[in-house]
Amino acid sequence: MINNIPFLDFNGMHKPIKSEIMQAIEQVFDSNWFVLGNQVKQFESEYSVFGGTKYTIGVSNGLDALRLALIASGVKENDEVIVPSNTYIATVLAISSVGAKPVLVEPNPLTYNITAESIAPYITDKTKCIMPVHLYGQSCEMQEIVNLIEGTSIQIVEDNAQSQGAVCNNKITGSWGIANATSFYPGKNLGALGDAGAVTTNSEAIAKRVETLRNYGSNKKYYNDEIGYNMRLDELQAAVLSVKLKYLPSWIVARQEAASIYLKHLANVNEVVLPVTAKNCSHTYHLFVIQVKNRAKLQEFLLNNGVQTMIHYPVPPHLQKAYSYLNLKEGSFPIAENLANSMLSLPLFPGISSSQIEKVCDLITRFYKNGGR
Ligand SMILES: *Cc1c(COP(=O)(O)O)cnc(C)c1O
């Protein structure tokens, strides 16, 4: 079919800067230095400027960034860690991997994010940490969460994988917690050409600890202070990320413009629930996620008309086989389960045209006008 609209197309981001990226790759190739060198150092300092923290530590991927952030902020076995019931599985995997207990909390069904109000009843004397996930690109209402734990020893570790550049009360996501994690998986708002991630923090002690842990627990070659990991960011990926970071602000604007066209053209479709942005928060639209009636049929109709959509995510963490030991049956988290059954992510990427977005909206409108079957 002509005029297919893919779910994600990298060309709008990558084509205009291809020669710049290739030059950066060639520079690493010619330098003959591939692990923990100047490229990683440079990207770390550039990302710190972008992300509003004193320190950035480049690591292997987002899951490892979450794990290192939790370890460095002192989360240990049997500690309780509060996490959204509708997050991507990686947030929960990170908690399990350090032996802590994930305590799932339902999101607001319109913003898709957890709030101080939804968190409060789940705080116990074992709560060590809250992990706000700025899902789909929208910042959680962070000030209220900070206020909630004021005067306690509970810490915040943000999962900022989907929302680089989002703000709440003019403060950028990834700068609120004691240690925070982000991912540069290719499809994220800032993506490498492979796996990559980072921990961001204002604490020198935590930055040092993460630097040590990512490199075998070693500060000095062949001397190991603690039992660490190999969770390093490659020079090649760092060099690519440095190039792409310069364009991230303009890509975020492009995402927000695309989202505003969707919001305008879908406003009158009663069968569609649109994403809501909370007061004082911004949305970078990593994903444009709507809730729909008769999803499977709509998805099929769109696909038959050349429009690719996705579901983020079809199975909430507590219903995954890996977490069957938690004994959380169907019905335990109705909001997350409901979302999993009704959410649909529409095509959105820098470079998508307004006529492409209008085509998607027209198809959705037509589907429901014709009875939604
Ligand atoms: C992508 C993602 C991660 C994991 O990042 P990887 O780099 O794929 O390991 C963690 N949390 C959220 C919310 C994500 O979207």
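Over how many bridges do strand β13 and β14 pair? In this predicted model, strand β13, which spans residues 288–292, pairs with β14 in the antiparallel sense over four bridges. Within this part of the structure, F288 stands opposite L346 in β14. As general background, the strands of a sheet pair through backbone hydrogen bonds, and this pairing can be either parallel or antiparallel.

The two strands belong to an open sheet of three strands, whose order is β12-β13-β14 and whose pairing is antiparallel. The edge strands of this sheet are β12, at residues 272–273, and β14, at residues 343–346, and each of them pairs on one side only.

From the sheet we can move to the loop between β12 and β13, where V276 is found. Because its relative accessibility is 36%, and partly exposed residues lie between the limits of 20% and 50%, V276 counts as partly exposed. Together with L110 and V273, V276 forms a nonpolar patch on the surface, and the accessible area of the three residues together is about 190 Å².

The last stop is the ligand, which is surrounded by 14 residues, the closest being G62, D159, Q162, S183 and K188. A polar side-chain atom of D159 lies 2.7 Å from a nitrogen atom of the ligand, while a polar side-chain atom of S183 lies 2.7 Å from an oxygen atom of the ligand. With L63, it is a backbone N or O atom that lies 2.9 Å from an oxygen atom of the ligand. On its own the ligand has 370 Å² of accessible area, and the protein covers 91% of this area.

Definitions and conventions
Residues numbered from 1 in each chain as written. Predicted model: local features only at pLDDT ≥ 70, side-chain atom pairs only at ≥ 80, totals over all residues. Heavy atoms only, no water. Pairing = 2+ DSSP bridges. Patch = residues over 30% accessible without salt bridge, like charges linked within 9 Å, V, L, I, M, F, W, Y side chains within 5 Å. Areas by Shrake-Rupley, 256 points an atom, 1.4 Å probe, with all protein chains shown as cover. Salt bridge = Lys/Arg side-chain N within 4 Å of Asp/Glu carboxyl O. Buried < 20%, exposed > 50% of the residue type's maximum accessible area, 1.4 Å probe, protein only. Near = heavy atom within 4 Å. Polar contact = N/O pair within 3.5 Å; in protein donor to acceptor, adjacent residues only side chain to side chain.
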